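Biologist: I'd like to go through how the labels on this structure were earned. Could you set each value beside its cut-off for me?

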Amino acid sequence: MFGVGVGLLVFGYWRLFRWNRERRRLHIEELEARVALLPLLQAEHDRRTLRMLRENLEEEAVIMRDVPDWKVGESVFHTDRWVSPLTEELFNLRPREEMLRKKFGFLWYVWS
Amino acid sequence: MPDVVEVPTLQELTVEEVNVSSAVLKAAAHHYGSQCDKANKEFMLCRWEEKDPRKCLKEGRKVNECALNFFRQIKGNCAESFTEYWTCLDYSNLAELRHCRKQQKAFDNCVLEKLSWERPELGDLSKVTKVATSRPLPENPYLSRQRPEPNPPIEAELQPSKHGSRMFFWNW
């Protein structure tokens with residue numbers, strides 16, 4: 001009887017390992033779908049940030065046109081390289097819900 | 001002194017967008033990965049080497065064109081089976097591919113007959129590839145300062161250390 005129990009256990013483990021391998025394969029397939037779509041998503045995201053930066057620049061030119069000694073679109077850093085803009089910077093002139101949605105709309109983690 | 005950050009104009013940024021929802025993209029993802037491979041890899045290479053999205057707008061445009069061509073080809077040839085496949089994916093929770101195997105097989109067969117596209121095997125899309133571009137490698141993309149000079153090479157005769165290695169007890 002003990003042998004039967006142990007046999008059942010081992011059989012259960014073997015089934016578990018096989019199913020886990022199958023789940024790993026399925027997960028890899030879904031990750032590959034994401035890998036294949038990344039360039040499209042990255043290009044769209046880049047265009048979107050650049051478009052928002054452009055609109056912000058034009059708004060800034062309109063808003064600060066009477067302030068003396070203000071260079072429109074001046075960089076706040078000393079370097080010349082591309083610095084990814086912050087969400088607050090991008091969504092500055094838009095309603096607050098949009099910024100909150102971008103920041104907290106999609107979360108990778110689940111704890112609060 | 002900080003300069004003006006150059007942002008491309010709206011006219012340079014307008015590109016014909018792929019107006020398609022997420023389930024459609026996921027359904028066609030594997031075939032898209034094998035068909036539009038060249039444009040995608042060039043764009044990613046450009047993005048990762050230059051580290052600047054403003055310099056990769058041209059490649060991004062090509063990515064969009066390739067994607068639009070791809071979807072036009074599917075719509076022209078295999079529209080019904082593709083629609084069934086992506087509606088099935090849309091219906092399932094989390095758009096899991098394993099719930100829609102039947103429709104996937106039908107779509108794959110249709111595409112194989114009419115366009116002779118093969119679905120890539122598991123692991124093919126994650127393989128590391130070499131990309132050939134005409135764009136030169138950018139030197140110093142981070143615009144860093146000049147690095148200090150490397151140490152001069154040691155000129156004397158090197159002997160093994162006396163009494164054995166000093167790191168005898170710390171060799172992990």
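Biologist: Why is A:Arg47 called buried?

Modeller: Its relative accessible area is 4%, and buried means under 20%, so A:Arg47 earns the label. Keep in mind that this is a predicted model.

Biologist: What makes A:Arg47 and B:Glu17 a salt bridge?

Modeller: The closest N and O atoms of the two are 3.3 Å apart. The cut-off is a Lys or Arg side-chain nitrogen within 4 Å of a carboxyl oxygen of Asp or Glu, so the pair of A:Arg47 and B:Glu17 counts.

Biologist: And how do you know that this pair joins two chains?

Modeller: A:Arg47 sits in helix α1 of chain A, while B:Glu17 belongs to the loop between α1 and α2 of chain B, so two chains are joined.

Biologist: Why is B:Glu17 called partly exposed?

Modeller: B:Glu17 has a relative accessible area of 34%. Buried would need under 20% and exposed over 50%, so B:Glu17 falls in between.

Biologist: What makes A:Glu29 and B:Arg119 a salt bridge?

Modeller: Their side chains meet at 2.7 Å, N to O, and the limit is 4 Å, so this pair qualifies too. It crosses between chains, from helix α1 (residues 2-63) of chain A to the segment after α6 (101-115) of chain B. A:Glu29 is buried, because its relative accessible area of 10% is under 20%.

Biologist: Which salt bridge links distant parts of chain A?

Modeller: That is A:Arg94 with A:Glu55, whose closest N and O atoms are 2.8 Å apart. The two residues are 39 residues apart, with A:Arg94 in the loop between α2 (87-90) and α3 (96-104) and A:Glu55 in helix α1. A:Arg94 is partly exposed at 27%, and so is A:Glu55 at 31%.

Biologist: How many salt bridges does the structure hold over all chains?

Modeller: There are 16.

Biologist: Why does B:Ala28 count as buried?

Modeller: B:Ala28 has 1% relative accessibility, and the cut-off is under 20%, so buried is the right word. This residue is in helix α2 (residues 22-35) of chain B. Leaving out residues up to four places away in sequence, B:Ala28 touches B:Phe70, B:Phe71, B:Ile74 and B:Phe82.

Biologist: Last one: what makes B:Asp3 partly exposed?

Modeller: B:Asp3 is at 42% relative accessibility, and partly exposed lies between 20% and 50%, so the label fits. Together with A:Glu74, A:Asp80 and B:Glu6, B:Asp3 forms a negative surface patch.

Key
Residues numbered from 1 in each chain as written. Chains lettered and ligands numbered in written order. Predicted model: local features only at pLDDT ≥ 70, side-chain atom pairs only at ≥ 80, totals over all residues. Heavy atoms only, no water. Patch = residues over 30% accessible without salt bridge, like charges linked within 9 Å, V, L, I, M, F, W, Y side chains within 5 Å. Areas by Shrake-Rupley, 256 points an atom, 1.4 Å probe, with all protein chains shown as cover. Lys, Arg positive; Asp, Glu negative; His and termini not counted. Charge placed at Lys NZ, Arg CZ, Asp CG, Glu CD. Buried < 20%, exposed > 50% of the residue type's maximum accessible area, 1.4 Å probe, protein only. Helix = DSSP H or I, 4+ residues; strand = E, 2+ residues; numbered from the N terminus. Contact = heavy atoms within 4.5 Å.
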